[in-house]
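The exercises below are meant to be worked with the sequence and the model side by side. Try each task before reading its solution.

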Amino acid sequence: MGGFSYSHGIEAAVEQGLVRDRASLTRWLDGILRHGAGRTDGMLFAAVHRAVLAGDEAAFAWAVERADILRASSETALESRAQGQAFLLAIRAAWPLDGLTRWDAALAATGRPPAYAVAVALVSALIGVAEGPALAAYLHAFAANLVSAGVRLVPLGQTDGQRTLAALDPITHAAADAVLATPLDDLGGRAMAVDWTSMIHETQYTRLFRS
C-alpha cells in the first residue's frame, strides 16, 4: 500500500521534540488511536462495513464522503487516499471478489477517492470478516505502520518498536470497542496536536516521509 512512506505527522512531532523515545511514541500513538484518525476512521470503517452488508448504497456514499473530507491537512488526506486506492487496485488485480463491481460503481458515483478505511472495510464485508475483528486488525495495522515510522525517526531499536506494539495492543482493542459503541452523531476527532504537527510537516525543511 506504500504505507512505509507516510508518518501521519510523526516526523514533525519528532522534529518538535514531542516524540523522542519509546514512552512518548506510545503516548502519541495512543492519542491517534483513541482520539484522532483511529477514532474517526474506525467509526467510518464500521459505517461502511454495515452499509455493504445491508446493501445500502446511500449509507455507503455518506461514509465515503465523510472519510474523504474529515482530514485536518492535505498530507493526511493524501496518506489515506493513496493507500485506499492502492489497496483496491491490488484487490481488483489479484483477488477479484463477487460484488465488488457494484460497490466500485457506487464509489465512482460519489466522485471521491476511497479512504484507506473505506477500502479495507468494503473488502472485509465482501469476504465475510465480521466488523469487530476486521476493525481491530485495521487499527492494529495502522498502529504498526506508525510504530515503524517512529522506529526510523526517533530513532528506536527494533526491540523498542516491538515493545511499543505490545503496549499499544490493549489500547488498539479498547479503541475498536469504543468505536463500535459510539453513535455516528459523535463522529469526529480531537487530536489537535497531531493535526498541528501534520500541518507543520507540510513545510518542514528536511523530510523523509510524505506525511
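**Exercise 1. Find the buried residues of helix H5, then say what they pack against and how far the helix reaches.**

Solution. Begin with the residues of H5 that count as buried, where buried means under 20% relative accessible area, exposed over 50% and partly exposed in between, with a 1.4 Å probe and protein chains only: they are Glu75, Thr76, Ala77, Glu79, Ser80, Gln83, Gly84, Phe87, Leu88 and Ile91. Helices in these exercises are DSSP runs of H or I with at least four residues, strands are runs of E with at least two, and both are numbered from the N terminus. The model is a predicted one, in which local features need pLDDT of at least 70 and side-chain atom pairs count only at pLDDT 80 or more, while totals for chains, interfaces and linings use all residues. Residues are numbered from 1 along each chain as its sequence is written, and side-chain values use heavy atoms, with hydrogens and water left out.

Next, look at the partners: the buried residues of H5 pack against H6, H7, H8 and H10, where contact means heavy atoms within 4.5 Å. Finally, check the length: H5 has 21 residues and reaches 30 Å from its first C-alpha to its last, close to the 30 Å expected at 1.5 Å a residue, the expected span being 1.5 Å times one less than the number of residues.

**Exercise 2. Decide whether Arg92 is buried or partly exposed, and list what it touches.**

Solution. Arg92 is found in helix H5, and its relative accessibility is 39%, so it counts as partly exposed. Once residues up to four places away in sequence are set aside, Arg92 touches Leu100 and Asp104.

**Exercise 3. Compare the span of helix H4 with its expected span, and work out where its buried residues sit around the axis.**

Solution. Helix H4 runs over residues 57–69, and its 13 residues should span 18 Å at 1.5 Å a residue; the end C-alpha atoms are 19 Å apart, which agrees. Its buried residues are Phe60, Ala63, Val64, Ala67 and Asp68. Because these residues cover an arc of only 130° around the axis, they lie on the same side of H4; the arc is that of the directions from the helix axis to the C-beta atoms. What covers the buried residues of H4 includes H3, H5, helix H6 (100–110) and helix H7 (116–126).

**Exercise 4. Describe the surroundings of Leu122.**

Solution. Leu122 has its place in helix H7 and is buried, with a relative accessible area of 1%. Leaving aside neighbours within four places in sequence, Leu122 is in contact with Val48, Val52, Phe60, Leu88, Leu100 and Trp103. Ile171, by contrast, is 49 residues apart from Leu122 along the chain, and their C-alpha atoms are separated by 24 Å.

**Exercise 5. Describe the largest pocket and the second largest pocket by volume and lining.**

Solution. A pocket is found on a 1 Å grid over the protein atoms alone, as an open set of points where a 1.4 Å probe fits, with protein on both sides within 12 Å along at least five of seven lines, and its lining residues have an atom within 4 Å of a point. The largest pocket holds about 250 Å³ of space, and among its 16 lining residues Ala37, Thr40, Leu70, Ala72 and Asp195 lie nearest its centre. H3 supplies the largest share of this lining, with three residues.

The second largest pocket holds about 170 Å³. It is lined by 14 residues, of which Glu79, Gln83, Tyr116, Tyr138 and Phe142 lie nearest its centre, and H8 gives the most to this lining, with five residues.

**Exercise 6. Locate the cis peptide bond and the residue that has a positive phi although it is not a glycine.**

Solution. Most residues other than glycine have a negative phi, and most peptide bonds are trans. A cis peptide bond joins Val154 and Pro155, with omega about -5°, and Pro155 lies in the loop between H8 and helix H9 (158–180). His8 has a positive phi of about 60°; it sits in the segment before helix H1 (10–15) and counts as buried at 5% relative accessibility.

Notes: Grid points are joined across faces, edges and corners, and a volume is the space filled by probe spheres set on the points.
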